[in-house]
Amino acid sequence: EKVSSVKPLTCALVIIKDGIKSSTGEMYKKLDRAGLTDRRGDVEKLIKNIEENNLSLVGKTLFNDFERVCPCDGIKADLLSQGAVGACLSGSGPSVFGIFENTEKAMRAAKALENKYKNVFACETENFGIKFE
């Protein structure tokens with residue numbers, strides 16, 4: 001794999017951890033059993049959208065193959081219904097994140113979803129990670 005630096009994305013996030021964490025190795029085994037597909041996300045387009053801080057297009061270009069074996073459609077739909085411009089499984093799960101245009105929208109969404117899910121966190125990006133308020 002190639003690793004390169006990308007300009008930080010400026011946005012707010014809501015992170016929901018509602019499931020039980022499986023080991024990443026187990027998740028890869030599940031993905032292997034499910035079989036490979038030709039579906040590939042457009043990484044170059046995603047990076048371009050991040051570098052241009054185009055949140056709407058970032059939201060549309062998010063992808064994670066682990067969603068095939070760690071279903072999260074309900075959580076993603078809830079985040080989108082609360083105003084997220086995009087939502088995606090984080091890593092091999094079980095956390096799901098939604099991207100929001102600003103902290104206020106993320107905080108409202110987190111408040112609206114906190115009674116439905118176990119762990120709901122609103123945060124914002126920083127140059128070297130995220131900051132929880």
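**Figure 1. Cysteines without disulfides.** In this predicted model, a search of the whole structure finds zero disulfides. Look at C72. Its closest cysteine sulfur belongs to C70 and lies 6.3 Å away, too far for a bond. C88 tells a similar story. From its sulfur to the closest cysteine sulfur, in C72, is 7.0 Å, again too far for a bond. A disulfide needs two sulfurs within 2.5 Å, so these distances rule it out. C72 is buried, at 3% relative accessible area. C88 is buried too, with a relative accessibility of 3%.

**Figure 2. Helix α4 and its two faces.** Helix α4 spans residues 73-81, and its buried residues are I75, K76, D78 and L79. Why do they lie on the same side of α4? Because they cover an arc of only 160° around the axis. The face turned away from the buried side carries the exposed residues D73 and S81. What covers the buried residues? The cover includes strands β1 (12-17), β2 (86-89) and β3 (95-100), along with helix α5 (103-113). Just after α4 comes G83, with a positive phi of about 110°.

**Figure 3. K76, a lysine in α4.** K76 lies in helix α4. Is K76 buried or exposed? It is buried, with a relative accessible area of 17%. Leave aside residues up to four places away in sequence, and K76 touches E67, A87, C88 and V96.

**Figure 4. The largest nonpolar core.** In soluble globular proteins, nonpolar side chains tend to be buried together. Here the largest nonpolar core has 23 residues. Which of them touch the most other members? They are V14, I16, L79 and F100. The elements giving two or more residues to this core are β1, α1 (24-34), α4, β2, β3, α5 and β4 (119-126). Helix α5 gives the largest share, four residues. Another core lies apart from this one. That core has 13 residues, among them L13, L62, F97 and C123.

**Figure 5. The surroundings of I16.** I16 is one of the core residues that touch the most other members. Set aside its neighbours within four places in sequence. I16 is then in contact with I75 and L79, both buried residues of α4. Its other contacts are P94, S95, V96, L113, Y117, N119 and V120.

**Figure 6. Helix α2 from start to end.** Helix α2 covers residues 43-51. Its buried residues are L46, N49 and I50. They span an arc of only 100° around the axis, so they sit on the same side of α2. Helix α3 is included in what covers them. At the start of α2, a side-chain oxygen of D42 reaches to within 3.4 Å of the backbone nitrogen of E44. Just after the helix stands N53.

**Figure 7. Two exceptions in the backbone.** Most residues other than glycine have a negative phi, and most peptide bonds are trans. N53 is not a glycine, yet it has a positive phi of about 50°. It sits in the loop between α2 and α3. N53 is partly exposed, at 29% relative accessibility. The second exception is a cis peptide bond, which joins G93 and P94, with omega about 5°. P94 is in the loop between β2 and β3.

**Figure 8. Helix α3 and the loop that follows.** Helix α3 runs through residues 55-61 and holds K60. K60 is exposed, with 64% relative accessibility. How far apart are K60 and I47? They are 13 residues apart in sequence and 12 Å apart in space, C-alpha to C-alpha. N64 lies in the loop between α3 and α4. N64 is buried, at 13% relative accessible area. Its side chain reaches the backbone nitrogen of F66 at 2.8 Å.

**Figure 9. Confidence along the chain.** The protein chain has a mean pLDDT of 88, and 91% of its residues reach 70 or more. Which element has the lowest mean pLDDT, and which the highest? Strand β5 (residues 129-132) has the lowest, 60. Helix α5 has the highest, 98. Where pLDDT is low, the predicted coordinates should not be read in detail.

Terms used:
Residues are numbered from 1 along each chain as its sequence is written. This is a predicted model: local features need pLDDT of at least 70, side-chain atom pairs count only at pLDDT 80 or more; totals for chains, interfaces and linings use all residues. Side-chain values use heavy atoms; hydrogens and water are left out. Buried means under 20% relative accessible area, exposed over 50%, partly exposed in between (1.4 Å probe, protein chains only). The arc is that of the directions from the helix axis to the C-beta atoms. Contact means heavy atoms within 4.5 Å. A nonpolar core is a set of buried Ala, Val, Leu, Ile, Met, Phe, Trp, Tyr and Cys residues joined through side-chain atoms within 4.5 Å. A polar contact is a pair of N or O atoms within 3.5 Å; within protein, one must be able to donate a hydrogen and the other to accept it, and residues adjacent in sequence count only if both atoms are side-chain atoms. pLDDT is the predictor's confidence in each residue, from 0 to 100.
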